[in-house]
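Okay, thanks for making time this morning. Let me put the structure up, and then I'll walk you through it.

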Amino acid sequence: MVHRDEPALLRRPGPHPHLGAHDLLDGLGWSAGEVDYVLPPQLSTRMTARIVERLGLAGAEEVSCIVDTGNTGNALPFLQLERALGEMAPGDRAVAVAVESSKWIKAGFTFERI
């Protein structure tokens with residue numbers, strides 16, 4: 001049986017998603033207050049909640065689906081994207097971040113509804 005020690009993963013140094021999100025925003029000249037939606041990593045409900053808190057995007061609506069879909073791996077960002085686009089109005093902005101927690105590989109993207 002494989003056990004994933006989530007508290008240890010959070011303590012482990014590495015490129016945390018909140019850093020990646022702010023790198024993306026800085027690169028576009030967007031402030032945290034200009035983000036309407038955040039698509040956080042879908043690692044587990046508890047870890048996702050902790051990551052959202054660390055992102056510091058208090059005004060952004062969280063778009064999560066892990067509770068409904070379970071861990072569908074690489075498909076998760078696309079499921080989140082589908083949900084976000086269904087809610088977004090023209091001009092709304094979003095940032096999505098993902099992390100492969102065992103190796104701390106991070107990725108992300110931003111988008112704006114036109």
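So, phenylalanine 109: buried or exposed? Neither, really: phenylalanine 109 comes out as partly exposed, with a relative accessible area of 32%. Keep in mind that what you see is a predicted model. Phenylalanine 109 sits in strand β4. Which residues does phenylalanine 109 contact, leaving aside its neighbours within four places in sequence? Those are Leu24, Leu81, Ala94, Val95 and Ala96. And look at alanine 21: 88 residues separate it from phenylalanine 109 in sequence, yet the two C-alpha atoms are 8.3 Å apart.

Okay, stepping back to the overall picture. We've got 5 helices and 4 strands, and reading from the N terminus the order is α-α-β-α-β-α-α-β-β. The protein has 114 residues, and 36% of them count as buried. If you take contacts between residues at least 6 apart in sequence, 61% of those join residues at least 24 apart. On the outside, about 6,500 Å² is exposed, and carbon and sulfur atoms supply 55% of that.

Now the sheet. The 4 strands make an open sheet, in the order β2-β1-β3-β4, with mixed pairing. Why do β2 and β4 each have one side without a neighbour in the sheet? Because β2, residues 61-62, and β4, residues 105-112, stand at the edges, and each has a single partner strand. As a quick reminder, strands of a sheet pair through backbone hydrogen bonds, either parallel or antiparallel. Here, β1, which is residues 37-39, runs parallel to β2, and 2 bridges join them. If you want to find that spot on the screen, look for tyrosine 37, which stands opposite glutamate 61 in β2. Then there's helix α5, residues 76-87, lying across β1, β2 and β4. Relative to β1, helix α5 runs at about 165 degrees.

On to the inside. In soluble globular proteins, nonpolar side chains tend to be buried together. In our model, the largest nonpolar core has 14 residues, and the ones touching the most other members are Leu25, Val35, Val38, Leu55, Leu57 and Val95. Which elements give two or more residues to this core? Those are α2 (17-28), α3 (45-55) and β3 (93-100). Take leucine 57 as an example: not counting residues up to four places away in sequence, leucine 57 touches His22, Leu25, Ala32, Val35, Val38 and Val95. Apart from the largest core there's another one, of 8 residues, and its members include Tyr37, Val63, Ala84 and Ala96. So Tyr37, the residue we just saw opposite glutamate 61, turns up again in that second core.

Last topic, charges. How many salt bridges are there? The count comes to 3. Let me start with glutamate 34 and arginine 93, where the closest N and O atoms are 3.3 Å apart. Glutamate 34 is in the loop between α2 and β1 while arginine 93 is in strand β3, so this pair ties together parts that are 59 residues apart in sequence. Arginine 93 counts as buried, at 18% relative accessibility, and the cut-off for buried is under 20%. Glutamate 34, on the other hand, is partly exposed at 34%.

Arginine 93 also has a salt bridge with glutamate 112, at 3.5 Å, N to O. That pair ties together parts 19 residues apart in sequence, because glutamate 112 is in strand β4 and arginine 93 in strand β3. Glutamate 112 is partly exposed, at 38% relative accessibility. Put those pairs together through their shared partner and you get one network of Glu34, Arg93 and Glu112.

And then we have arginine 83 with aspartate 68, with 3.0 Å between the closest N and O atoms. Arginine 83 is in helix α5 and aspartate 68 in helix α4, residues 66-69, so this pair ties together parts that are 15 residues apart in sequence. Aspartate 68 counts as exposed, at 59% relative accessibility, whereas arginine 83 is partly exposed at 31%.

That's what I had, so I'm happy to go back to any part of the picture.

Terms used:
Residues numbered from 1 in each chain as written. Predicted model: local features only at pLDDT ≥ 70, side-chain atom pairs only at ≥ 80, totals over all residues. Heavy atoms only, no water. Core = buried A, V, L, I, M, F, W, Y, C linked by side-chain atoms within 4.5 Å. Buried < 20%, exposed > 50% of the residue type's maximum accessible area, 1.4 Å probe, protein only. Contact = heavy atoms within 4.5 Å. Pairing = 2+ DSSP bridges. Axes fitted to C-alpha atoms, helices over the stretch in contact; angles between N-to-C directions. Salt bridge = Lys/Arg side-chain N within 4 Å of Asp/Glu carboxyl O. Areas by Shrake-Rupley, 256 points an atom, 1.4 Å probe, with all protein chains shown as cover.
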